[in-house]
Amino acid sequence: MNSERPDRVSVIDPIGPAIERVKLMLFNPFDLRKWLVIGFCAWLAYLGTGGGGGGGGGGGGPHYTVPRGQHEHREQIRQDVEKAREYVADNSYWIIPVAVSVVVLIVVIGLLIAWLNSRGRFMFLHCVATNKAEVKIPWQKFRKHGNSLFLFRIVLGLIGLFVVGVPALGIVVCVIMLAAGSVAGVVSIPGIIIFSLMVFVLAMLMFLVKKLTLDFVVPIMFLQTASCVAGWREFMITLSANKARFALYLLFQIVIGIVIGAIIGIGFCVGLCLCCASCLLLIPYIGTVILLPLLVFQRAYSLYYLQQFGPRLDVFRVETEVVQPV
């Protein structure tokens, strides 16, 4: 048997162990302090994550005329765009500084959240892997790991900004200009649709990289290395030999997401009947604590799936071993 390609890998088998992990960590026995501490690590791990017209085109020939109502609508859009442009030009002395300040503030807050989130990923993973409610130990022990993950996500975000964000903004501008009739003959609706599909595909690729990083590369870093790039290099050995299996995993994640969403939805509806419970879900830390069994299940499920690819990828062995990351 090839150690990189085991004979059998199932997306169903990890469900049972993941449920048992939830029971062991949170209910056997129930310990409120342990629940709150693990909930804090989970809150950091999911901080900032919550937890991307048709038919008229080309039908007109040489004798096609724009209907009166459509012409008036385009003229109104053109006038609104022109008014907005004049307003910005007349008030640029304060709009530009305020806009720059807001952008800088948003970037700083976003970077802080991403950094805390990256550190929290290893803290929460530590809790799930060792069945311990600890904050200080994993915060210090996996400092390099979290910082490496943070830098990797920054680079990934910048790549996404240029290959997805900028083109998406261009599409929005083209749609507005097309609606105003100022780019007629240069930009077509089919062209915008095709370009939008290309941007969507690129966005999905970026999402898959992020998903695989958090689900599998982070556990590999936890076990073997403090570098996210080295973790990806190690994961690619397994991924390249099991592309179909990981594709099935990603598809099954949609099913799990639907089930978890349904559970949360039902809980929210029941909470509405109880008046205050649904409001508690909206409070960040409290909401995470309430949803902790679902978050533990999600984290444990990906770990048990990865476990099927061999003992070297078994995160749960740290319960009996002392891990000394490189």
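The questions and answers below concern a predicted model.

Reader: How many helices and how many strands are in the protein?
Author: Read along the sequence, the pattern is α-α-α-α-α-α-α-α-α-α-α-α. Strands are absent from that pattern. The counts are zero strands and 12 helices.

Reader: What share of the residues of the protein counts as buried?
Author: A residue is buried when its relative accessible area is under 20%. The protein has 326 residues. The share of them that counts as buried is 37%.

Reader: Which atoms supply 72% of the area that the protein exposes?
Author: The exposed area of the protein comes to about 18700 Å². The atoms that supply 72% of it are carbon and sulfur.

Reader: Are α1 and α12 roughly parallel, roughly antiparallel, roughly perpendicular or oblique to each other?
Author: Helix α1 covers residues 15–27 and helix α12 covers residues 292–307; their axes lie 8 Å apart at an angle of about 135 degrees. Roughly perpendicular covers 65 to 115 degrees, and roughly antiparallel begins over 145. The angle of about 135 degrees fits neither range, so α1 and α12 are oblique.

Reader: Is the crossing of α1 and α12 left-handed or right-handed?
Author: The two helices pack with their axes 8 Å apart. Their crossing is right-handed.

Reader: Which residues does the cis peptide bond with omega of about 0 degrees join?
Author: One partner, P29, has its place in the loop between α1 and α2 (32–45). Omega of the bond is about 0 degrees, and the bond joins N28 and P29.

Reader: What type of aromatic pair do F27 and W35 form?
Author: The structure holds 22 aromatic pairs. In the pair of F27 and W35, the centres are 5.3 Å apart and the planes make an angle of 85 degrees. An angle over 60 degrees counts as edge-to-face, so the pair of F27 and W35 is edge-to-face.

Reader: Is W35 buried or exposed?
Author: Its partner F27 has a relative accessible area of 46% and is partly exposed. W35 has a relative accessibility of 10%, and the limit for a buried residue is under 20%. W35 therefore counts as buried.

Reader: Which charged residue sits over the ring of Y46?
Author: Y46 also forms an edge-to-face pair with F124, at 6.1 Å centre to centre and 70 degrees between the planes. Both Y46 and F124 are buried. The charged end over the ring of Y46, 4.8 Å from its centre, belongs to R121.

Reader: How far from the ring centre of W139 is R119?
Author: R119 lies over the face of W139. The distance of R119 from the ring centre is 3.8 Å.

Reader: Which aromatic cluster contains W232?
Author: The members of this cluster include F216, F235, F246 and Y249. F252, F297, Y301, Y305 and F309 also belong to the cluster. In full, the cluster is F216, W232, F235, F246, Y249, F252, F297, Y301, Y305 and F309.

Reader: What is the phi of N131?
Author: N131 is found in the loop between α4 (92–130) and α5 (136–141). At 19% relative accessibility, N131 counts as buried, because the limit is under 20%. N131 is not a glycine, although its phi is positive, at about 55 degrees.

Reader: What distance separates the C-alpha atoms of H145 and F122?
Author: H145 lies in helix α6 (residues 143–180). H145 has a relative accessible area of 3% and is buried. Along the chain, H145 and F122 are 23 residues apart, and their C-alpha atoms are separated by 7.6 Å.

Methods. Residues are numbered from 1 along each chain as its sequence is written. This is a predicted model: local features need pLDDT of at least 70, side-chain atom pairs count only at pLDDT 80 or more; totals for chains, interfaces and linings use all residues. Side-chain values use heavy atoms; hydrogens and water are left out. Rings of Phe, Tyr and Trp (its six-membered ring) pair if their centres lie within 6.5 Å; planes under 30 degrees apart count as stacked, over 60 as edge-to-face and the rest as tilted. Buried means under 20% relative accessible area, exposed over 50%, partly exposed in between (1.4 Å probe, protein chains only). A charge sits over a ring if NZ of Lys or CZ of Arg is within 6 Å of the ring centre and within 35 degrees of the ring normal. Helices (H or I, at least four residues) and strands (E, at least two) are DSSP runs, numbered from the N terminus. Accessible areas come from the Shrake-Rupley method with a 1.4 Å probe; for residues, only the protein chains shown count as cover. Axes are lines fitted to C-alpha atoms, for helices over the stretch in contact, and angles run from 0 to 180 degrees between N-to-C directions. Angles under 35 degrees count as roughly parallel, over 145 as roughly antiparallel, 65 to 115 as roughly perpendicular and the rest as oblique. A crossing is left-handed if the near helix is turned anticlockwise from the far one by less than a right angle, and right-handed if clockwise.
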